Amino acid sequence: MFYVTTPIYYPNAPPHIGHAYTTVFADVMARYHRLIGDDTFFLTGTDEHGLKLQKVAEKIGKRPKELVDEMSDVYKRYWTMLDISYDRFIRTTDTDHERVVKKALEILYNKNLIYKAKYSGYYCVDCEKFYSPEEYEVIDGKPYCPIHKKPLEWIEEDTYYFKLSDFDGYLKEILKSYIVYPQIYAKEILGKLMKESLRDVSIARPAERVSWGIPLPFDQKYTTYVWFDALLNYVTGAGWNSDEKKFKKYWSSVYHIIGKDILWFHTVIWFAMLKAMEIPLPKKVIVHSYLINRGLKIGKSSGNVVAIEDLLDRYQDSDGVRYILMRVLNLSKDIDVSTELFDSIYNSELADTFGNLIRRVGILAIKKLGGDITQRRVNNRLLDMADKTIESYERLMNDFNVSLALELIMGLLREANAFINKERPWEKNDPSKDIYSLLEIVRVATFLLTPVIPKASQKITRAFGLKNQHINDLSVGSEDKFSVNDAPILFKKIKT
Ligand code: ME8
């Protein structure tokens with residue numbers, strides 16, 4: 001069983017490279033788990049309520065619902081372009097989700113974990129978050145959002161609070177476990193909890209100020225705070241409150257993938273909400289760092305967005321973009337996005353190494369052996385390396401370390417290219433042993449690369465007559481025959 005989620009994105013603007021980064025990552029994990037035979041469920045979607053969406057709609061003269069209807073379709077179109085194989089696209093305006101939010105609020109209210117009181121503080125609409133004096137930045141004597149570098153808004157009003165402070169001890173304990181990966185992020189949050197005492201969190205906004213959202217079931221004059229609403233999407237998606245059987249099945253293996261910007265919400269607030277609702281915590285929260293451009297986190301408000309369509313244009317298809325994003329994927333270090341870096345990954349790994357090998361092996365098989373190749377003994381060195389690659393691949397992918405898994409596969413493919421250069425099979429009378437060895441490497445590598453470059457893998461499968469297989473019977477040297485009918489050019493080199 002494997003249940004993987006992405007954050008649900010604010011559909012106030014189309015997705016950019018940062019959203020693609022997380023979503024492709026989750027997609028690769030979902031495809032990998034399907035590949036190894038796990039019953040898999042992959043959830044993504046859009047976070048459609050709140051002040052941010054309400055303001056954007058007002059500005060362009062649309063009703064919020066009209067705007068989110070259009071924009072959620074935009075997200076779906078981008079995910080189709082990137083070959084994202086989600087099982088459900090959840091929208092927080094979906095009726096089953098609205099029911100979940102109301103149910104959750106009722107549970108907490110009945111447990112006396114929600115109470116009414118006054119609130120005042122500085123708010124960032126882009127983050128949909130209040131900032132304390134310890135957290136905000138002061139520029140020219142005024143408080144600014146530490147993430148968006150925009151002035152904060154002073155807000156004073158009656159609200160409802162969730163008794164987050166009740167969970168202080170629990171959270172400190174939980175964060176010492178391995179639930180957050182990599183652990184540096186748990187340490188960061190733990191450090192914060194140790195430094196400042198945990199304050200209760202406001203989970204409602206007066207409807208006259210924020211009307212776009214889910215009314216509190218126990219006080220219609222208030223709208224549910226967008227983060228309280230959004231976090232619950234993960235349980236809605238798995239069937240909580242509607243399909244208990246499905247929920248039981250998937251919730252026991254849920255992995256949340258998020259960027260480090262929303263770590264606080266997914267650890268402190270979400271873990272406390274779950275504990276309060278007596279729902280088990282996720283298996284893990286996988287956190288990745290930022291893609292940055294010109295020294296800043298890529299984002300609409302920084303004006304340094306890299307558009308997904310530009311990437312798809314430059315790297316010809318979804319496979320190219322997916323591969324590049326996964327090759328630079330880093331959980332703990334911010335990655336500077338640059339055309340030079342992306343071009344060099346594409347050209348040296350996809351075009352020169354993998355693409356070139358496919359073309360050479362295809363041509364050799366067809367020209368020298370008429371395309372039909374039967375089982376031979378695989379070259380020892382290649383055999384050994386391929387076996388080791390399969391073994392480490394599984395370990396790395398189970399650890400969400402896609403980038404290193406790709407590096408490893410590239411190493412095997414480079415070795416195969418070097419083998420051709422050394423053996424010169426085109427000069428041999430009977431090169432069938434060399435070509436069979438190479439085809440075995442192609443078969444294994446194609447299989448292992450499927451989650452990242454599904455389209456290319458499918459083309460190779462057709463051109464080389466490969467069978468659908470399970471990772472456990474990949475065993476190098478086991479294929480009884482190949483029928484190669486084409487030597488496709490998979491990745492055209494980019495002129496830099
Ligand atoms: O925060 N580098 O939505 P959001 C890496 N609706 N990842 C990036 C990135 C960058 N430069 N920019 C965006 C929200 N991301 C809430 C989430 S979940 C219950 C609610 C990715 O549209 C990354 O995954 O601002 C980050 O966490 C997410 O987009 C934020 O998306």
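Q: On a 1 Å grid over the protein atoms alone, a cavity is a set of points where a 1.4 Å probe fits but cannot get out. How many cavities of 30 Å³ or more does the count come to by this rule?

A: Rolling a probe the size of a water molecule over the atoms shows where empty space is left. The model shown here is predicted, and by this rule it has one cavity of 30 Å³ or more. The volume of the largest cavity is about 50 Å³.

Q: Which residues line the largest cavity, and how do they divide by class?

A: The lining consists of Gly 50, Leu 51, Tyr 123, Glu 128, Arg 205, Arg 209, Val 210, Thr 224, Tyr 225 and Val 226. By class, five of these residues are nonpolar, two are polar and three are charged.

Q: A pocket, by contrast, is an open set of points. How much space lies in the second largest pocket, and which residues lie nearest its centre?

A: The second largest pocket holds about 510 Å³ of space. Its lining comprises 27 residues, and those nearest the centre are Tyr 119, Phe 130, Glu 135, Arg 199 and Asp 200. Two or more lining residues come from each of β4 (114–124), β5 (129–131), α6 (183–195), β10 (201–202) and α10 (263–277). Strand β4 gives the most, with four residues. The lining divides into 15 nonpolar, five polar and seven charged residues.

Q: How should the surroundings of the ligand be read, and which residues are the closest?

A: A residue is near the ligand if one of its heavy atoms lies within 4 Å of it. In this model 25 residues surround the ligand, and the closest are Ile 8, Thr 22, Asp 47, Asp 261 and Leu 291. The shell contains 13 nonpolar, nine polar and three charged residues.

Q: Which helices each supply at least two residues of the shell around the ligand, and which element gives the most?

A: Helices α1 (17–35), α7 (226–231) and α8 (233–238) each supply at least two residues of this shell. Helix α1 gives the most, with four residues.

Q: Which polar atoms of the protein lie at short distances from a nitrogen or oxygen atom of the ligand?

A: A polar contact is a pair of N or O atoms within 3.5 Å. At Ile 8, a polar backbone atom is 2.8 Å from a nitrogen atom of the ligand. At Thr 22, an N or O atom in the side chain is 2.7 Å from an oxygen atom of the ligand. At Asp 47, an N or O atom in the side chain is 2.7 Å from a nitrogen atom of the ligand. On its own the ligand has 680 Å² of accessible area, of which the protein covers 94%.

Q: Where is His 49, and is it buried or exposed?

A: Buried means a relative accessible area under 20%, and exposed means over 50%. His 49 is placed in the loop between β2 (40–46) and α2 (51–60). His 49 counts as buried because its relative accessibility is 2%. Its side chain makes a polar contact with the side chain of Asp 229, at 2.6 Å.

Q: Is Tyr 3 buried or exposed, and what of Asp 319?

A: Tyr 3, in strand β1 (residues 2–5), has a relative accessible area of 0% and is therefore buried. Asp 319, in helix α12 (residues 318–328), has a relative accessibility of 4%, so Asp 319 also counts as buried.

Q: How far apart in space are Asp 319 and Thr 223, C-alpha to C-alpha?

A: Separation along the chain and separation in space are given as two values. Asp 319 and Thr 223 are 96 residues apart in sequence, and their C-alpha atoms are 42 Å apart. For Tyr 3 and Trp 227, the separation is 224 residues along the chain and 21 Å between C-alpha atoms.

Q: What backbone features do Asp 140 and Arg 424 have, and which residues does a cis peptide bond join?

A: Most residues other than glycine have a negative phi, and most peptide bonds are trans. Asp 140 is not a glycine, yet its phi is positive, at about 50°. Asp 140 lies in the loop between β6 (137–139) and β7 (142–144), and it counts as exposed because its relative accessibility is 75%. Arg 424, likewise not a glycine, has a positive phi of about 45°. Arg 424 is in the loop between α15 (402–423) and α16 (432–449); with 37% relative accessibility, it counts as partly exposed. The cis peptide bond joins Tyr 181 and Pro 182, with omega at about -5°. Pro 182 is in the loop between β9 (180–181) and α6.

Notes:
Residues numbered from 1 in each chain as written. Predicted model: local features only at pLDDT ≥ 70, side-chain atom pairs only at ≥ 80, totals over all residues. Heavy atoms only, no water. Polar contact = N/O pair within 3.5 Å; in protein donor to acceptor, adjacent residues only side chain to side chain. Areas by Shrake-Rupley, 256 points an atom, 1.4 Å probe, with all protein chains shown as cover. Nonpolar A, V, L, I, M, F, W, Y, C, P; charged D, E, K, R; others polar. 1 Å grid on protein atoms, 1.4 Å probe; cavity = no way out; pocket = protein on both sides within 12 Å on 5 of 7 lines; lining within 4 Å. Points joined across faces, edges and corners; volume = space filled by probe spheres on them. Buried < 20%, exposed > 50% of the residue type's maximum accessible area, 1.4 Å probe, protein only.
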